[in-house]
Amino acid sequence: MPNHVYKKLELTGSSARSSDDAVRNAIAKAGKTMRNMHWFEVIETRGHIEKAKIAHWQVTIKVGFTLED
């Protein structure tokens, strides 16, 4: 197994539907320009409230990707 070097990128995704969708939105957007993404970890979850209801979710994640040779 080769030795890998990883870098972490911090992203914050948002969604009006759910925290899971917020994570998916962040990863999908990053995937348009980033390569070699392999894992993520949730760092922070927060939301916005309007009229006593959840208006949208914001989730901060760190995405790990391998550096190219």
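**Charged side chains and their partners**

Visitor: Does Asp21 count as buried or exposed?
Guide: This is a predicted model, in which local features need pLDDT of at least 70 and side-chain atom pairs count only at pLDDT 80 or more, while totals for chains, interfaces and linings use all residues. Residues are numbered from 1 along each chain as its sequence is written, and side-chain values use heavy atoms, with hydrogens and water left out. Buried means under 20% relative accessible area, exposed over 50%, and partly exposed in between (1.4 Å probe, protein chains only). Because its relative accessibility is 18%, Asp21 counts as buried.

Visitor: Which residue forms a salt bridge with Asp21 and lies in helix 1 with it?
Guide: A salt bridge is a side-chain nitrogen of Lys or Arg within 4 Å of a carboxyl oxygen of Asp or Glu, and helices (H or I, at least four residues) and strands (E, at least two) are DSSP runs numbered from the N terminus. Asp21 has a partner three residues away in helix 1 (residues 19-31), about one turn of the helix. With the closest N and O atoms 4.0 Å apart, that partner is Arg24.

Visitor: How far apart along the chain are Glu68 and Arg35?
Guide: Glu68 and Arg35 form a salt bridge whose closest N and O atoms are 2.9 Å apart. The pair links distant parts of the chain, with Glu68 in the segment after strand 3 (53-66) and Arg35 in the loop between helix 1 and strand 2 (37-50), and their separation is 33 residues.
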